Amino acid sequence: MLHLAVAIDQPGTTDPRPYLHAARLAERGRLDFVTLGDAFGPRTPRESRIDALAVLARVAPATERIGLVPTVTTTHTEPFHVSSAVSTLDWVSRGRAGWTVDVSAGETAARLFGRRPAAPDDVLWREADAVADVVARLWDSWEDDAEIRDRATGRFVDRDKLHYVDFESPGFRVRGPSIVPRPPQGRPVVAVDATAGPSRDTAARHADVALVRTERTGDPGQLAAVRDELHRRARAHGRDPRRLRVLASVPVALHAAADAVALADLAGRWYEDGVVDGLHLRPEEPGRDLPLLVDGTVAVLQHRGLLRRFYAGGTLREHLGLPRPANRYAPARETA
């Protein structure tokens, strides 16, 4: 079926309650997942900024089925910490976590951290590609049955089922294994904003979900061309392109029920024409747009048989129709 997701960003809000309310509303509409943006940078006295991953960790136990996808920047964050934090979100949410891979460009953020000067986008995305790779390896560094938890013998884990990843790139080295057991989904869902060129190869290599920003008046032919390009690149990297979901990321401003119906028309048309696999919606005013989206757009799509009326599965991968990945290290151990 058509995949539908929504951004729940609330600029200037640090209170977790509006985010929780928005996520519950999206869950009532049976959407696949919600996203929450994040970025590095200094704050002015009038600005407030949240840690997207921490906020969604707060939302997780108060929701039941909706997927939770925070933005996590890779430029000034150690891959080991990214792996552990996203894995923890997957455990807290019982298999509903993902993360949107992003980079931190510009001298302001670089000076804030004092690590190194800012790099061009293509260099940052090559590093992001390496981070996404090693994070997945760290998730696999525990086999699924590595935990023993045997009180009688005092053994917590089977050490033969923990694996060193021994990953090295120009920017970092990671030995592993992870300090967190393999997540419930095996690997939480990876999303990448593939609108701009430098990020598309990362999306083709690693993403389960590729987001392509466009306007509602955008050219569907261009969207279809981007989708085809991403599929070609994924195939070139040895991936099955059918396991890559491409969503058009669209800003929405609903003032009336008629707007909600028009949005359903657009979503259905793009999906049925094979332009994209679904939509990622970015409300202009969440308090106004989200209720109209759920009670209007979602209801119309459900009536037309294009959107689920109930969650058949419990994990984000199940919502997206994606399999749980096999552990890359387990077959090697069994063969040996």
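Q: When do two strands pair here?
A: Two strands pair if DSSP finds at least two bridges between them. Helices are DSSP runs of H or I with at least four residues, strands are E runs with at least two, and both are numbered from the N terminus.

Q: Is the model predicted, or what is the source?
A: This is a predicted model: local features need pLDDT of at least 70, side-chain atom pairs count only at pLDDT 80 or more, and totals for chains, interfaces and linings use all residues. Residues are numbered from 1 along each chain as its sequence is written, and side-chain values use heavy atoms, with hydrogens and water left out.

Q: OK, the barrel. How many strands, and in what order?
A: The closed barrel has 8 strands, in the order 1-2-3-4-9-10-11-12. The pairing is parallel.

Q: How much are neighbouring strands turned against each other?
A: By 25° on average, direction ignored. For axes, lines are fitted to C-alpha atoms, for helices over the stretch in contact, and angles run from 0 to 180 degrees between N-to-C directions.

Q: How many bridges join strand 10 to strand 11?
A: 5 bridges join strand 10 (residues 209–213) to strand 11 (residues 245–252). Val 212 has Ala 248 as its bridge partner in strand 11.

Q: Which strands does helix 6 touch?
A: Helix 6 (residues 197–206) packs on the sheet against strand 9 (189–193) and strand 10. Contact means heavy atoms within 4.5 Å. The direction of helix 6 makes about 160° with that of strand 9.

Q: And helix 8?
A: Helix 8 (residues 257–272) also packs on the sheet, touching strand 11 and strand 12 (278–283). Its direction makes about 150° with that of strand 12.

Q: At what angle do helix 8 and helix 9 pack?
A: About 45°, with the axes 8 Å apart; helix 9 is residues 286–303. That is why helix 8 and helix 9 are oblique to each other. The cut-offs: under 35 degrees is roughly parallel, over 145 roughly antiparallel, 65 to 115 roughly perpendicular, the rest oblique.

Q: Is their crossing left-handed or right-handed?
A: The crossing of helix 8 and helix 9 is right-handed. A crossing gets that label if the near helix is turned clockwise from the far one by less than a right angle, and left-handed if anticlockwise.

Q: Which residues meet there?
A: Helix 8 brings residues including Ala 260, Leu 263 and Ala 267. Helix 9 brings residues including Leu 292, Gly 296 and Val 300. The contact has 10 nonpolar, 3 polar and no charged residues. Ala, Val, Leu, Ile, Met, Phe, Trp, Tyr, Cys and Pro count as nonpolar, Asp, Glu, Lys and Arg as charged, and the others, Gly among them, as polar.

Q: What about helix 2 and helix 3, what angle?
A: Helix 2 (residues 52–59) and helix 3 (residues 79–92) pack at about 15°, axes 9 Å apart. So helix 2 is roughly parallel to helix 3. Their crossing is left-handed. Leu 53, Leu 56 and Ala 57 meet Ala 85, Val 86, Leu 89 and Val 92. By class, that contact has 7 nonpolar, no polar and no charged residues.

Q: Backbone now. Which peptide bond is cis?
A: Gly 176 to Pro 177, with omega near -5°. Pro 177 is in the loop between strand 8 (173–174) and strand 9.

Q: Arg 94: positive phi of what size?
A: About 60°, although Arg 94 is not a glycine. Arg 94 sits in the loop between helix 3 and strand 4 (98–102). Its relative accessible area is 49%, partly exposed. Buried means under 20%, exposed over 50%, partly exposed in between (1.4 Å probe, protein chains only).
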